[in-house]
Amino acid sequence: MVKQTKTNAVRMLDRARVPYELLTYDYDDGQIDGRSVAKKIGQREEIVYKTLVTKGTSGQLYVFVIPVAAELDLKKAANVVGEKSVHMLPVADIEKMTGYVRGGCSPIGMKKLYATYVDESALAHEQIIVSAGKIGMQMKLPVQDLLKLTNGKTAHVIKE
């Protein structure tokens, strides 16, 4: 099982006195995709969200938090952020730019506060689950607190 260590994300929640629940899962089997994680932590897929980091034509980075079963619509995402286009940040750059590794990227506590957009589907839930900042650790927290801590906005950014 995963050793619970304090990640930047968890420290930020503690500092802001945000109520959260840590959920851990075993990843020795290499199954760290969102759907597998939802199953491993015994939660409905609809409330488990993944964090995707994109780069716009301008070179600016944008963070999108979407349901694990959904796919980011890059055209909608570009439109929302006012860019000609956005593409996924190469895996090799994720840790350098965010401080987190692929599969353990939390929208909270990145090296910099990037423009963050949470898919509006999250508003249907009081709490959602996102990465706690390392593979094997997720955190369940109120959607409004996630938006507050990331200066996030909601937008419709997933494929139909």
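## Charges on the chain

Lys and Arg count as positive here, while Asp and Glu count as negative. By that count, the protein chain in this predicted model carries 23 positive and 18 negative side chains. The centres of the two sets lie 6 Å apart.

## The overall build

Let's step back and look at the whole chain. Five helices and eight strands make up its list of elements. If you walk along the sequence, you meet them in the pattern α-β-α-β-β-α-β-α-β-β-β-α-β.

How does the radius of gyration of the chain fit with that of a compact globule? For 160 residues, a compact globule would be near 15 Å, and the chain has 14 Å, so the two agree. Along the principal axes, the C-alpha atoms fill a box of roughly 45 × 35 × 30 Å.

Buried residues account for 50% of the 160 residues. On the outside, the chain exposes about 8,200 Å², with carbon and sulfur atoms supplying 49% of that area. Contacts also tell you how the chain folds back on itself: among those between residues at least 6 apart in sequence, 63% join residues at least 24 apart.

## Two buried residues

Now zoom in on Val-65, which sits in strand E3 (residues 61-67). Is Val-65 buried or exposed? Its relative accessibility is 0%, so Val-65 counts as buried. Leaving aside residues up to four places away in sequence, its contacts include Tyr-49, Pro-107, Tyr-117 and Val-130. Val-91, 26 residues from Val-65 in sequence, is 17 Å away from C-alpha to C-alpha.

Gln-138 belongs to strand E7 (residues 137-142). With a relative accessibility of 5%, Gln-138 is below the 20% cut-off and therefore counts as buried. Among the residues that Gln-138 touches, again setting aside those up to four places away, are Leu-22, Val-37, Ile-41 and Ile-129.

## Salt bridges

Side chains of opposite charge can pair when their charged atoms come close. The structure holds eight salt bridges, and three of them are worth finding on your screen.

One joins Asp-14 to Lys-6, with the closest N and O atoms 2.5 Å apart. Asp-14 is partly exposed, at a relative accessible area of 31%. Another brings together the side chains of Arg-35 and Glu-45, at 3.2 Å from N to O. Arg-35 is in helix H2 (residues 34-40), whereas Glu-45 is in the loop between H2 and strand E2 (49-56), ten residues apart. Both partners count as partly exposed, Arg-35 at 43% and Glu-45 at 26%.

A third salt bridge links Lys-159 and Glu-71, at 3.0 Å from N to O. Lys-159 lies in the segment after E8 and Glu-71 in the loop between E3 and helix H3 (74-81), so this pair ties together parts that are 88 residues apart in sequence. Lys-159 is partly exposed at 42% relative accessibility, and Glu-71 is partly exposed too, at 48%.

## Two loop residues with positive phi

Which phi value does Arg-17 have? It is near 55°, a positive value in a residue other than glycine. Arg-17 lies in the loop between helix H1 (8-15) and strand E1 (21-24), and its relative accessible area of 74% makes it exposed.

Asn-151 is not a glycine either, yet its phi is positive, at about 55°. You will find Asn-151 in the loop between helix H5 (143-150) and strand E8 (153-155). Its relative accessibility is 52%, just over the 50% cut-off, so Asn-151 counts as exposed.

Conventions
Residues are numbered from 1 along each chain as its sequence is written. This is a predicted model: local features need pLDDT of at least 70, side-chain atom pairs count only at pLDDT 80 or more; totals for chains, interfaces and linings use all residues. Side-chain values use heavy atoms; hydrogens and water are left out. Helices (H or I, at least four residues) and strands (E, at least two) are DSSP runs, numbered from the N terminus. Buried means under 20% relative accessible area, exposed over 50%, partly exposed in between (1.4 Å probe, protein chains only). The radius of gyration is taken over C-alpha atoms; the globule rule is 2.2 Å times the number of residues to the power 0.38. Contact means heavy atoms within 4.5 Å. Accessible areas come from the Shrake-Rupley method with a 1.4 Å probe; for residues, only the protein chains shown count as cover. The place of a charge is taken as NZ of Lys, CZ of Arg, CG of Asp or CD of Glu. A salt bridge is a side-chain nitrogen of Lys or Arg within 4 Å of a carboxyl oxygen of Asp or Glu.
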